[in-house]
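Here are some exercises to work through with the model open beside you. Try each task before reading its solution.

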Amino acid sequence: TKAVFPVAGLGTRFLPATKSVPKEIMTLVDRPLIQYAIDEARAAGIKEFLFVTSRGKSALEDYFDCNPQLEAELRRKGKDALLQTLKSTNMEDGAIAYIRQHKALGLGHAVWCARRLIGNEPFAVILPDDVIAAEKPCLQQMVEAHAETGGNVVAAMEVPPEKASAYGVLDVAEDMGAMVSVRGMVEKPKPEEAPSNLAVIGRYILTPRVMGNLNKMKSGASGEIQLTDAIADEIAAGRPVYGFRFRGQRFDCGSK
C-alpha cells in the first residue's frame, strides 16, 4: 500500500526548462509526468505516496495541494468537467509525504531516504520518467503477479544490445513467460558483457530487507548507491527475485 517516488533529480537533460520547473511536472500532452505515475499507483491500490525530493521542488509539492480560489472560479463559471479534472490532482490529507535527499548519491540512496516511513512491509518504487501506456496499469499487473510469487519483482523489457549500458540487466535463471527467475543483476554493463537483453525499468515491488541492504551504503556503478545492487544482495542471500514482462508500451520521458 506504500510507494516511493524518487523525484530529487535536477533534470539537467531538460535545461533550461528545469532551471525553475521540476521535470516531474513538465507535461506529456495535458498531464504532468508525476500525474501519470500517481494514477498508475492508485490503480494498483497504493494508499501512501512517499516523495523523495530536493531543494527547488516546491512546485511539485504545490501541484498536489488544493487550490480553493481556482476551484471556486471554475464552479462559478459552471466548468464542471474542468473542476473534476482538477480534483483528481488533489491528495487526501495524510496520504502524501515529502522526504528530502540532501545529496545526489544515486537511486538506491533516494529509496533508502524513505526507510522510516516504509517500516517492515513490502513497498513499490515508481520512477516517473518511465511512462507506461497499458490497458491494465503496469504496477497493477505487478501487484497481481507479486501476490502469486512473493519476493521482489522488477519490471523488465527487452532492449537492443547496444542500449544495455543504460540499464540494469537481468541474468535469467529460468524463463517462465511473463515471469523470469533471476540469478543476478548487472548495472549498466558493456554490451558484450550483458547477461541478457532483459532490462529493468522504473517499476519495482520490494521487500523491506532491501532497505537493510541499502543500509550498507555500498557504492556501485558511477560511484553511486545503486538500487540494483541492493536487490542483487537478495539473490545472493537465496531470496527470490523475479523479472516481470509487463504488457504495455514504455516511453522514456527522462530524455528528449
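**Exercise 1. Find which element gives the largest share of the lining of the largest pocket.**

Solution. Keep in mind that this is a predicted model.

Step 1: Begin with the elements that each supply at least two residues of the pocket lining: helix H5 (107-112), S11, H9 and strand S13 (249-252).

Step 2: Pick out the main contributor. S11 provides the largest share, with four residues.

Step 3: Put that into the setting of the whole pocket. The space in the largest pocket comes to about 1,400 Å³, and its lining has 44 residues. Lying nearest the centre are Arg13, Lys23, Leu107, Leu127 and Asp129.

Step 4: Sort the lining by class. You should arrive at 18 nonpolar, twelve polar and 14 charged residues.

**Exercise 2. Work out which strands pair with S11, and in what sense.**

Solution. Take the partners one at a time.

Step 1: S6 pairs with S11 in the antiparallel sense, over four bridges. Here Val125 has Tyr204 of S11 as its bridge partner.

Step 2: S8 is also antiparallel to S11, with five bridges between them. In this pairing Val154 stands opposite Tyr204. Tyr204 of S11 is thus a good residue to centre your view on, with Val125 and Val154 as its partners.

Step 3: Strand S9 (residues 168-175) runs antiparallel to S11 and is joined to it by two bridges. Look for Val169 opposite Ala199.

Step 4: Check how covered the strand is. Nine of the nine residues of S11 are buried.

**Exercise 3. Describe the largest nonpolar core and the surroundings of Leu139.**

Solution. Start with the core as a whole.

Step 1: The largest nonpolar core has 34 residues, and those with the most contacts inside it are Phe5, Ile34, Ile38, Phe49, Phe51, Leu139 and Met142.

Step 2: Trace the elements that give two or more residues to this core. Among them are strand S1 (2-6), helix H1 (33-43), strand S4 (48-53), helix H7 (138-149) and strand S11 (198-206).

Step 3: Set this apart from the second, separate core, which has 32 residues, including Val111, Trp112, Ile231 and Ile235.

Step 4: Zoom in on Leu139. Leaving aside neighbours within four places in sequence, Leu139 is in contact with Glu40, Ala41, Ala44, Ile46, Ala124, Ile126 and Ile205.

**Exercise 4. Locate the largest cavity and say which residues line it.**

Solution. Go from the search to the lining.

Step 1: Searching the whole structure gives one cavity of 30 Å³ or more. The volume of the largest cavity is about 60 Å³.

Step 2: List the lining: Asn213, Leu214, Lys216, Met217, Lys218, Ile225, Gln226, Asp229, Ala230 and Asp233. By class, four are nonpolar, two polar and four charged.

Step 3: Assign elements. Helix H8 (209-214) and helix H9 (227-236) each supply at least two of the lining residues, and H9 gives the most, with three.

**Exercise 5. Why does Asp233 count as buried?**

Solution. Three short steps are enough.

Step 1: Place the residue. Asp233 lies in helix H9 and is one of the residues lining the largest cavity.

Step 2: Apply the cut-off. Buried means under 20% relative accessible area; Asp233 counts as buried because its relative accessibility is 16%.

Step 3: Look at what surrounds Asp233. Not counting residues up to four places away in sequence, Asp233 touches Asn213, Lys216 and Lys218.

Terms used
Residues are numbered from 1 along each chain as its sequence is written. This is a predicted model: local features need pLDDT of at least 70, side-chain atom pairs count only at pLDDT 80 or more; totals for chains, interfaces and linings use all residues. Side-chain values use heavy atoms; hydrogens and water are left out. A nonpolar core is a set of buried Ala, Val, Leu, Ile, Met, Phe, Trp, Tyr and Cys residues joined through side-chain atoms within 4.5 Å. Buried means under 20% relative accessible area, exposed over 50%, partly exposed in between (1.4 Å probe, protein chains only). Contact means heavy atoms within 4.5 Å. Two strands pair if DSSP finds at least two bridges between them. On a 1 Å grid over the protein atoms alone, a cavity is a set of points where a 1.4 Å probe fits but cannot get out, and a pocket is an open set with protein on both sides within 12 Å along at least five of seven lines; lining residues have an atom within 4 Å of a point. Grid points are joined across faces, edges and corners, and a volume is the space filled by probe spheres set on the points. Ala, Val, Leu, Ile, Met, Phe, Trp, Tyr, Cys and Pro count as nonpolar, Asp, Glu, Lys and Arg as charged, and the others, Gly among them, as polar.
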